[in-house]
Amino acid sequence: MLHTSAVTGEQPAEFSLKMPRKTGVYYLSLEFDKYNPLTRPLEIKRIGSRESMLDLDEIVLTRAPKKLGEVVVTATKVKFYNKGDTLVFNADAFELAEGSMLDALVSQLPGVELKENGQIYVNGRFVENLLLNGKDFFKGDNSIMLDNLGSYMVKDVAVYEKSSAMSEFAGRDVEKKDFVMDVRLKKEYRRGWIANVEAGGGTNSRYLGRIFGMHYTDFSRIALFANINNLNDNQRPGQAGGFDPSQIQPGSRRHQNVGLTYNVDTRNGKINSEGNIIWAHTSSTDNATTSRTNFLPTRDNYDYSFRNARSSEHLVRMISGTRFKFGKATTSIYPFLEYRSYKNNTNNISATFNEEQQNITRELLESLYSAEDAPGLGDIVNRTAIKQRGKGYNLKTELSWYNWINIPHTQDLLTLSAKGIYGQSHSRSFTGYNINTGADPTPTTSLGQWGESRPNRNYQLNASALYDFRASFGNLQAKYNFTYDRVGKNMITHEMERLADMGIYGLTAPDEAVYSPDDSYRSTLQTNTHELGARMGIYKPIYSFQAEGGMRLTNDNLRYTRADIPYRKSRFAALPWIKEFSLTFYFGQKIQSAYGSINRFMLTAGYSLNAKRPELEWLLPITDSTDPMNILEGAESLHNQLNHASKLEFTYRAS
């Protein structure tokens, strides 16, 4: 069988054809409407005993010249149609306000649901990736393309299952397909420059500013965007029938971000480079007042709480990757960097009363136990005041390498990969608790804890090998994975309540603060994991069988010190896992759906097994009272956990 893809100026069209298992010289002739015919010689010198397919790479057809006469077409625009297993929405068939962005178009597509966070569902199924002309565009952050790409540029929106890069290289499905939405641009916007600018202002110092620019060719794309606003409500009139006040987020938020994305292919398709970098800053103020009635069997009581919170975050993220294709092998390198810093300040106060109170304010609750003849004090059950401040950062760097090798004269695939990860985090925090019970002005709990990590670091090395064996009945996979993980933590805690004036608190411990050995600790956890696994898949017209499982061998070594007492703990575990063991039968007449021809009835039986180990720290004889509302104690008798799951599912699809 020959397998290739013909490029006709839009998306590549994959096809295959059968031929006799004989060596010699063959001539492959291709003809396609409106394109020049092409004949290509093919010499086959050897055919392996299990070789069933020969990959010819891409074949490019040139468009044939054609002179068009004058035509007049009058027809109703079709909003969507099926093209094989692809559901296609015609963008021009939807009425949109002038200047609408891509999100306005997507939200109007039949059967499509666009969430506030940019997640997309089609007929209830989650869209795993949003593509632009078949390529990633800030993968994992759909809102960037939804908010910045003009709807007038879109020719159509296609929904389909896309094979992974590994499956495309192998010429068959060796990994699960991704469910994607592909936004395809009109021909006049496939080359050249595109720019969009939006600005606005309003009452209460509200503002919005956006800029988006993109240069696009058949083999490259580079885009730059910037966005600044202090709007909580991202709704726009004309979408989903108008405004929905319940969707407006509470508090006040300011957001700024700048980003760059690129994707470049060589003309022969041997090298691809892609990546993106983004900087973002978000700050928010959130004030909330809550009143609640608790209906109890004997006597109702009433809760009143006030929350004041301020937070800010800076984010820098860089993702890039380069893929090289050399004959029967493909090598990919992916560096990754993310740095996130944050600050927060929260002040909560709440109280519970036996009688309903009138005109309750934050100031009243704060002075409840200090004011003489405080109203409602005789009805009070308790009052809790919590102050929290913190700041810190998280750094993660990663370098990944993947190598796919097609075994010559077979349909087998060997995958080799390696990954190195370094992470670091540093935090400082203050938490103050003041808890009163009844009318007693003396707090039952009064704590002030200042903590700092110095900093925490983790290292991880991973190496894996997977062999995919192509058999006549389906495929078999065998894999081995090794992981070395080292996590170091160092937390220092001071007892701020032992200061003469606990009101002096901040993000730097005063000299008078008392070191708390009971709430301070340092630890180093090293883990070596060996994982052996196998997968088998059998796919027939009337049934399919899939099984994947294996054994995980783990060796943990923990060094832990708390309250100046050192602990050592080691553990070896051999745990089985079954990710999938399922049998599915297909029967009944064939019907047409948005994704092609499928059976009306489907019966599936499945089983899975997942084993979990308790954290090694949980097995130590220690008490963690850092949070007085949640005191944790170690339990040496904890055992491994086995989670069994089975299912029997019957599906009926209406025509």
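**Cores, sheets and ring pairs in a predicted model**

Leu149 touches Met101, Leu102, Leu132, Val183, Leu185, Asn196, Phe212 and Met214, leaving aside residues up to four places away in sequence. The model is predicted. Leu149 also belongs to the largest nonpolar core, which has 35 residues. Within this core, Leu102, Leu132, Leu149, Met181 and Met214 touch the most other members. Strand β14 gives the most to the core, with four residues. A second, separate core holds 14 residues, including Tyr302, Ala351, Phe353 and Ala385.

Overall, the protein has four helices and 34 strands. Its length is 655 residues, and 38% of them are buried. Contacts between residues at least 6 apart in sequence were also examined: 65% of these join residues at least 24 apart. The exposed area is about 37,100 Å². Carbon and sulfur atoms supply 53% of that area.

Confidence varies along the chain. The mean pLDDT is 83, and 86% of the residues score at least 70. Strand β21 (residues 329-353) has the highest confidence, at a mean of 95. Strand β1 (residues 2-7) has the lowest, at a mean of 56. Over residues 235-243 the pLDDT falls below 50. This stretch has 17 contacts in the model beyond near neighbours in sequence.

Strand β14 also takes part in an open sheet of six strands. The strand order is β6-β7-β13-β14-β11-β12, and the pairing is mixed. Strands β6 (80-83) and β12 (135-136) form the edges, each pairing on one side only. Strand β11 (residues 129-132) runs parallel to β14 (residues 178-185), with four bridges between them. Leu132 has Val183 in β14 as its bridge partner. Both of these residues are also among the contacts of Leu149. Leu132 is, in addition, one of the core members that touch the most others.

Further along the chain, β19, β20 and β21 pair in succession. Strand β19 (residues 271-294) is antiparallel to strand β20 (residues 301-326), and 24 bridges join the two. A hairpin of six residues connects β19 to β20. Across this pairing, Glu274 has Gly321 in β20 as its bridge partner. Strand β20 also pairs with β21, again in the antiparallel sense, through 23 bridges. Here the bridge partner of Ile319 is Phe336 in β21. The hairpin of β20 and β21 has two residues between the strands. In this hairpin, Gly327 takes a positive phi near 60 degrees.

The structure holds 13 aromatic pairs. One of them joins Tyr304 and Phe353 in an edge-to-face arrangement. The ring centres lie 5.9 Å apart, with 65 degrees between the planes. Tyr304 lies in strand β20 and Phe353 in strand β21, so the pair ties together parts that are 49 residues apart in sequence. Tyr304 and Phe353 are both buried. Phe353 is also a member of the second core. Another aromatic pair, Tyr560 with Tyr567, is tilted. Its centre-to-centre distance is 6.4 Å, and its planes are 55 degrees apart. Tyr560 and Tyr567 are both buried. Elsewhere, ring pairs link Phe587, Phe601, Phe650 and Tyr652 into a cluster.

Strand β26 (residues 474-495) has antiparallel pairings with several strands. With strand β25 (residues 456-470), β26 shares 14 bridges. Ala465 stands opposite Tyr480 in this pairing. The two strands are joined by a hairpin of three residues. With strand β28 (residues 521-539), β26 forms 18 bridges, also antiparallel. Ala478 is placed opposite Ala534 in β28. Strand β24 (residues 445-453) is antiparallel to β26 over five bridges. Gly451 stands opposite Thr493 in that pairing. Two bridges join β26 to strand β27 (residues 514-515), once more in the antiparallel sense. There, His494 stands opposite Tyr515 in β27.

How values were computed
Residues numbered from 1 in each chain as written. Predicted model: local features only at pLDDT ≥ 70, side-chain atom pairs only at ≥ 80, totals over all residues. Heavy atoms only, no water. Pairing = 2+ DSSP bridges. Buried < 20%, exposed > 50% of the residue type's maximum accessible area, 1.4 Å probe, protein only. Contact = heavy atoms within 4.5 Å. Areas by Shrake-Rupley, 256 points an atom, 1.4 Å probe, with all protein chains shown as cover. Core = buried A, V, L, I, M, F, W, Y, C linked by side-chain atoms within 4.5 Å. pLDDT = per-residue confidence, 0-100. Phe/Tyr/Trp six-rings, centres within 6.5 Å; stacked < 30°, edge-to-face > 60°.
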